[in-house]
Amino acid sequence: QVQLVESGGGLVQAGGSLRLSCVVSGSIVSINAMGWYRQAPGKQRELVAAISSGGSTNYADSVKGRFTISRDNAKKQVYLQMNSLKPEDTAVYYCNADLSGIFRNFEVWGQGTLVTVSS
């Protein structure tokens, strides 16, 4: 069974930094696009950052210049470096991946990791 396992969330003061990690476990042929989403209480889940298999990236306007997404294909991992954190960044962060199996492509979500930014 293929799973995404996230780590790195926690409590940080405004202005601080956190690094989220997500690893793909299980047997797959390849990893296509990967991304990080977040969902704050009472709000819809939104895209934070995404990275293609070739390394192209895109970011939500609210995090541009503060967050950086990267990936290590050999380790089957994606990262989100979050700097200059703000209280409005508080949310559950979810890893997402588009994967290729032997017979089909499929999308997988992680379980989420909580990021809390105190003012």
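Which residues of the largest nonpolar core touch the most other members? In this predicted model, the core comprises 32 residues, and those that touch the most other members are Trp-36, Leu-80, Met-82, Tyr-93 and Leu-99. At least two residues of this core are supplied by each of strand 3 (18-25), strand 4 (30-39), strand 5 (46-51), strand 7 (67-72), strand 8 (77-82), strand 9 (91-100), strand 10 (105-109) and strand 11 (113-118). Strand 9 gives the most, contributing five residues. In soluble globular proteins, nonpolar side chains tend to be buried together.

Empty space was examined next. Rolling a probe the size of a water molecule over the atoms shows where such space is left. The largest pocket has a volume of about 180 Å³, and its lining is made up of Arg-38, Ala-40, Lys-43, Gln-44, Glu-46, Ser-62, Arg-66, Lys-86, Glu-88, Asp-89, Thr-90 and Ala-91. When these lining residues are divided by character, seven are charged, three are polar and two are nonpolar.

Attention then turned to a single residue, Asp-61, which is found in the loop between strand 6 (57-59) and strand 7. Asp-61 counts as exposed because its relative accessibility is 64%, and the cut-off for that class is over 50%. The side chain of Asp-61 is joined to that of Lys-64 by a polar contact of 3.1 Å. With respect to Phe-106, Asp-61 is 45 residues away in sequence, while the two residues are 27 Å apart in space, C-alpha to C-alpha.

Methods: Residues numbered from 1 in each chain as written. Predicted model: local features only at pLDDT ≥ 70, side-chain atom pairs only at ≥ 80, totals over all residues. Heavy atoms only, no water. 1 Å grid on protein atoms, 1.4 Å probe; cavity = no way out; pocket = protein on both sides within 12 Å on 5 of 7 lines; lining within 4 Å. Points joined across faces, edges and corners; volume = space filled by probe spheres on them. Nonpolar A, V, L, I, M, F, W, Y, C, P; charged D, E, K, R; others polar. Core = buried A, V, L, I, M, F, W, Y, C linked by side-chain atoms within 4.5 Å. Buried < 20%, exposed > 50% of the residue type's maximum accessible area, 1.4 Å probe, protein only. Helix = DSSP H or I, 4+ residues; strand = E, 2+ residues; numbered from the N terminus. Polar contact = N/O pair within 3.5 Å; in protein donor to acceptor, adjacent residues only side chain to side chain.
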